[in-house]
Amino acid sequence: MSPTGNTLTLWRPVGPKELELIRQADMRAFPPRLPDQPIFYPVLTEDYAIKIARDWNVPANGAGFVTRFEVKREFIAKYDVQEAGGRAHLEYWIPAEDLDDFNAAIVGQIEVISSFP
């Protein structure tokens, strides 16, 4: 990806079911949240996404994947960066009801850049 001043690179760890839904959306959108998932959380670093995919998604789902994508800075600027358990664990918390708008702010396609195991 070639980031520009108008976009920000983010990562999202996903399991196999979520990845299949992303593929069904032609790698251009994340699927709606489930009722028990009120927040969509893209993360700010590849290392943090790898940790989640490898250490959480693999045990829970048998596989984990790291996706990378660009989002319009103008859109993401409405949200604060959240620290989730440590200074290296930074993410945005996007309310589930804002996910359609978030998806509309994605520039280009969502890429799978790593897979585990």
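Helices (at least four residues) and strands (at least two) are DSSP runs, numbered from the N terminus. With that in hand, here are some exercises on this predicted model.

**Exercise 1. Get the overall picture of the chain: its elements, their order and its overall dimensions.**

Step 1. Start with the elements: you should find four helices and seven strands.

Step 2. Now read along the sequence, and the pattern comes out as β-α-β-α-β-α-β-β-β-α-β. The radius of gyration is 13 Å, close to the 13 Å that the globule rule gives for 117 residues, so the chain is as compact as a globular protein of that length.

Step 3. Box it in along the principal axes, and the C-alpha atoms fill roughly 35 × 35 × 30 Å.

Step 4. Check the inside and the outside. Of the 117 residues, 42% count as buried. The chain exposes about 6600 Å², with carbon and sulfur atoms supplying 51% of that area.

Step 5. Finish with the contacts. Take those between residues at least 6 apart in sequence: 78% of them join residues at least 24 apart.

**Exercise 2. Place Gly15 in the fold, and work out whether it is buried or exposed.**

Step 1. Find the element. Gly15 sits in the loop between strand E1 (7–14) and helix H1 (16–24).

Step 2. Apply the cut-off. Buried means under 20% relative accessible area. Gly15 has 7% relative accessibility, so it counts as buried.

Step 3. Look for company from elsewhere in the sequence. Once neighbours within four places in sequence are set aside, Gly15 is in contact with Asn57, Asn61, Ala63 and Phe65.

Step 4. Add a distance. Gly15 and Ala53 are 38 residues apart in sequence, and their C-alpha atoms are 7.4 Å apart in space.

**Exercise 3. Describe the largest pocket and say what lines it.**

Step 1. Take the volume, which is about 430 Å³. Of the 19 residues that line this pocket, the closest to its centre are Gly15, Glu18, Leu34, Gln37 and Asn61. So Gly15, the buried loop residue from Exercise 2, turns up here again.

Step 2. Ask which elements contribute. E1, H1 and helix H2 (46–61) each supply at least two residues of the lining. H1 gives the largest share, four residues.

Step 3. Sort the lining by chemistry: 11 residues are nonpolar, four are polar and four are charged.

**Exercise 4. Walk through Ala25, Asp26 and Met27: where do they lie, and how does each one score for accessibility?**

Step 1. Locate them. Ala25 is in the loop between H1 and E2. Asp26 is in the loop between H1 and strand E2 (39–40), and Met27 also lies in the loop between H1 and E2.

Step 2. Score them. Ala25 has 29% relative accessibility, so it counts as partly exposed. Asp26 has a relative accessible area of 55% and is exposed. Met27, at 16%, counts as buried.

Step 3. Check the backbone. Asp26 has a positive phi of about 55° although it is not a glycine. Met27 is another non-glycine residue with a positive phi, near 60°.

Step 4. Reach across the chain. The C-alpha atoms of Ala25 and Gln109 are separated by 10.0 Å, and these residues are 84 apart along the chain.

**Exercise 5. Compare the settings of Ala96 and Ala104.**

Step 1. Assign the elements. Ala96 lies in the loop between strand E6 (94–95) and H4, while Ala104 is in helix H4 (residues 99–104).

Step 2. Judge accessibility. Ala96 has 29% relative accessibility and counts as partly exposed. Ala104 has a relative accessible area of 57%, so it is exposed.

Step 3. Find the partners of Ala96. Neighbours within four places aside, Ala96 is in contact with Arg33, Gln37, Pro38 and Ile39. Gln37 is also one of the residues closest to the centre of the largest pocket.

Step 4. Put in the C-alpha distances. Ala96 and Trp56 are 40 residues apart in sequence and 21 Å apart in space. Ala104 and Arg28 are 76 residues apart in sequence and 8.7 Å apart in space.

**Exercise 6. Which two residues does a cis peptide bond join?**

Step 1. Go by omega: the value is about 5° for the cis bond that joins Phe116 and Pro117.

Step 2. Place the proline. Pro117 lies in the segment after strand E7 (106–116).

Notes. Residues are numbered from 1 along each chain as its sequence is written. This is a predicted model: local features need pLDDT of at least 70, side-chain atom pairs count only at pLDDT 80 or more; totals for chains, interfaces and linings use all residues. Side-chain values use heavy atoms; hydrogens and water are left out. Buried means under 20% relative accessible area, exposed over 50%, partly exposed in between (1.4 Å probe, protein chains only). Contact means heavy atoms within 4.5 Å. On a 1 Å grid over the protein atoms alone, a cavity is a set of points where a 1.4 Å probe fits but cannot get out, and a pocket is an open set with protein on both sides within 12 Å along at least five of seven lines; lining residues have an atom within 4 Å of a point. Grid points are joined across faces, edges and corners, and a volume is the space filled by probe spheres set on the points. Ala, Val, Leu, Ile, Met, Phe, Trp, Tyr, Cys and Pro count as nonpolar, Asp, Glu, Lys and Arg as charged, and the others, Gly among them, as polar. The radius of gyration is taken over C-alpha atoms; the globule rule is 2.2 Å times the number of residues to the power 0.38. Accessible areas come from the Shrake-Rupley method with a 1.4 Å probe; for residues, only the protein chains shown count as cover.
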